[in-house]
Amino acid sequence: MKILGLHASNRTNELIEQQRPTMIANRTKNFRTGSLLFATACALLSTGCNKKESSNEIVIGEYGSLTGATATFGQSTKKGIEMAVDAINQSGGVLGKKLRIVIEDDQGKPDEAQTVVTKLINKDGVVAILGEIASSNSLAAAPVCQGSRIPMVSPGSTNPKVTAQGDYIFRVCFIDPFQGLVMAKFAANTLKLKKVAILRDIKSDYSVGLADFFKANFSKLGGTIATDISYSQGDKDFTAQLTAIKAQNPDGVFVPGYYTEVGLIARQARKLGITVPLMGGDGWDSSKLWEIGGEALNGCYYSNHYSVDDPNLILQKFVKDYKAKYGSTGDSLPDAMAALGYDAALVLADAMKRAGSSRPDSVRAALAQTKGFMGVTGNTTLDSNRNAVKPAVVLEVKVDEKGNGRNVFKETVAP
Ligand code: PHE
């Protein structure tokens with residue numbers, strides 16, 4: 001058996017080495033073929049896939065933006081996942097083994113996401129992968145996981161296309177058709193807005209999708225779209241777009257982007273005399289938003305996966321443990337990524353336990369059966385499209401003159 005295992009490992013390594021240059025050069029299209037070969041090799045040589053896994057540990061991969069324009073997404077997710085893994089290991093691990101997590105920084109770039117996920121699978125021999133947060137990065141890496149038959153659980157990617165990449169791709173959060181509806185209803189019914197402008201990030205699958213879902217729902221509710229214009233992730237000057245928006249005189253602006261650009265947009269909008277509420281989605285969730293946008297963010301609202309003010313006991317214990325572990329300043333309150341990362345790791349461990357195995361195909365089958373798993377972000381039940389169906393919260397941003405921010409809970413919207 002031992003000799004066979006060793007042989008299998010070496011053979012798999014050879015296959016991977018032969019495929020690696022092609023896989024990296026040819027991106028998604030050929031990933032499928034390359035990874036399929038790899039997966040077939042693994043199926044034939046069943047011990048080959050877990051070559052780095054010793055008998056007393058289960059190796060899981062995590063990829064995220066630890067650096068770059070969405071760095072807090074990756075950093076918070078990492079904290080949440082590490083907290084969950086520590087807790088799991090302290091209470092005996094999974095199937096009598098310790099979980100070991102291998103973490104890769106994709107710098108928030110889709111190409112990097114694809115590269116690091118390939119490395120996690122082919123070099124580290126992970127049996128499952130946690131990540132990403134930003135939908136475009138998940139979309140780039142999901143075909144690699146699918147092709148290699150390695151389950152991937154995204155903590156926070158909300159674009160519907162992510163889990164549509166295949167039956168090995170899961171998420172523990174709601175999706176954007178729902179998030180768009182939540183904010184359209186909030187704009188129309190709670191804020192009583194009639195005419196809203198949209199400013200979307202054309203480079204982000206998340207932003208484009210959420211803008212479309214908001215638009216469709218707000219129109220259905222009787223609202224008018226004043227104008228719908230775009231910017232590109234990384235832009236610093238939004239004067240042209242904001243001037244065009246101001247000319248339409250809207251009573252609100254929907255900006256479904258990520259915190260770095262949203263902070264700048266808020267500042268520049270106020271400077272140009274746009275005083276109406278800005279609204280957005282979960283991509284706003286970062287303590288960096290307060291730092292970048294400052295007081296310009298007062299009177300702005302966004303939808304999110306959870307609120308630290310929710311009195312739910314599991315959630316409050318998580319907030320307390322998180323603060324104890326990572327410090328107790330405003331910054332170290334767990335954001336949605338921390339909570340979703342924590343839940344994603346627990347849901348994965350739970351699937352392994354139910355499967356009675358850490359084999360990727362068994363874990364995949366068990367993940368698909370996830371029902372009523374109670375975590376920090378509520379009840380996780382995965383539907384037939386491998387999406388969680390969960391409530392959303394709407395938060396109001398409050399920032400003082402010193403730049404200290406907090407999110408004030410406004411309402412919960414059930415799915
Ligand atoms: N939902 C965002 C996306 O799909 C990412 C995100 C999740 C941001 C959770 C913040 C909180 O790109």
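**Strand pairing, salt bridges and a buried arginine in a predicted model**

Six bridges connect strand β6 (residues 195-201) with strand β7 (residues 224-231), and the two strands run parallel. Between them the chain passes through helix α6 (residues 205-220), giving a β-α-β crossover that is right-handed. Within the pairing, I198 stands opposite D228, a residue of β7. The structure described here is a predicted model.

Charged side chains were examined next. A search of the whole structure finds 15 salt bridges. One network of salt bridges with shared partners contains R200, D212, K215 and D228. D228 thus appears both opposite I198 and in this network.

A salt bridge is also formed by K119 and E104, whose closest N and O atoms are 2.5 Å apart. This pair links distant parts of the chain, as K119 belongs to helix α3 (residues 110-122) and E104 to strand β2 (residues 98-105), with their positions 15 residues apart in the numbering. K119 has a relative accessibility of 23% and therefore counts as partly exposed. For E104 the value is 16%, so this residue counts as buried. The assignment follows from the cut-off, because buried means under 20% relative accessible area.

E396 takes part in salt bridges with two lysines, K398 and K410. In the pair with K398, the closest N and O atoms lie 3.9 Å apart. In the pair with K410, the N to O distance is 3.3 Å. Because E396 is in strand β13 (residues 392-399) and K410 is in strand β14 (residues 405-413), their salt bridge ties together parts that are 14 residues apart in sequence. E396 itself is buried, at a relative accessible area of 11%. Its partner K398 is partly exposed at 33%, and K410 likewise counts as partly exposed at 40%.

R171, located in strand β5 (residues 169-171), presents another arrangement. This arginine is buried but has no salt bridge, and the nearest side chain of opposite charge, that of D176, is 6.7 Å away. This distance does not qualify because a salt bridge requires the side-chain nitrogen to be within 4 Å of a carboxyl oxygen. The side chain of R171 instead reaches the backbone oxygen of S157 at 2.6 Å. A polar contact of 2.8 Å also connects the side chain of R171 to that of T163. Leaving aside residues up to four places away in sequence, the residues touched by R171 include S154, T158, N159, P160 and V162. Contacts with R171 are also made from much later positions in the numbering, among them L382, R386, N387 and A388.

Strand β5 also takes part in the packing of helix α12 (residues 360-368), whose buried residues are P360, V363, R364, A366 and L367. These buried residues pack against β5, as well as against β4 (152-154) and α11 (336-355). In an α-helix there are 3.6 residues a turn, so residues three or four places apart point the same way. P360 and V363 are both among the buried residues of α12.

Finally, D237 is situated in the loop between β7 and α7 (239-248). With 53% relative accessibility, D237 counts as exposed, since the term applies to values over 50%. The side chain of D237 is joined to that of T239 by a polar contact of 2.3 Å. D237 and E261 are 24 residues apart along the chain, and their C-alpha atoms are separated by 9.3 Å.

Definitions and conventions:
Residues numbered from 1 in each chain as written. Predicted model: local features only at pLDDT ≥ 70, side-chain atom pairs only at ≥ 80, totals over all residues. Heavy atoms only, no water. Helix = DSSP H or I, 4+ residues; strand = E, 2+ residues; numbered from the N terminus. Buried < 20%, exposed > 50% of the residue type's maximum accessible area, 1.4 Å probe, protein only. Lys, Arg positive; Asp, Glu negative; His and termini not counted. Polar contact = N/O pair within 3.5 Å; in protein donor to acceptor, adjacent residues only side chain to side chain. Contact = heavy atoms within 4.5 Å. Pairing = 2+ DSSP bridges. Right-handed = clockwise from strand over helix to strand, strands pointing away.
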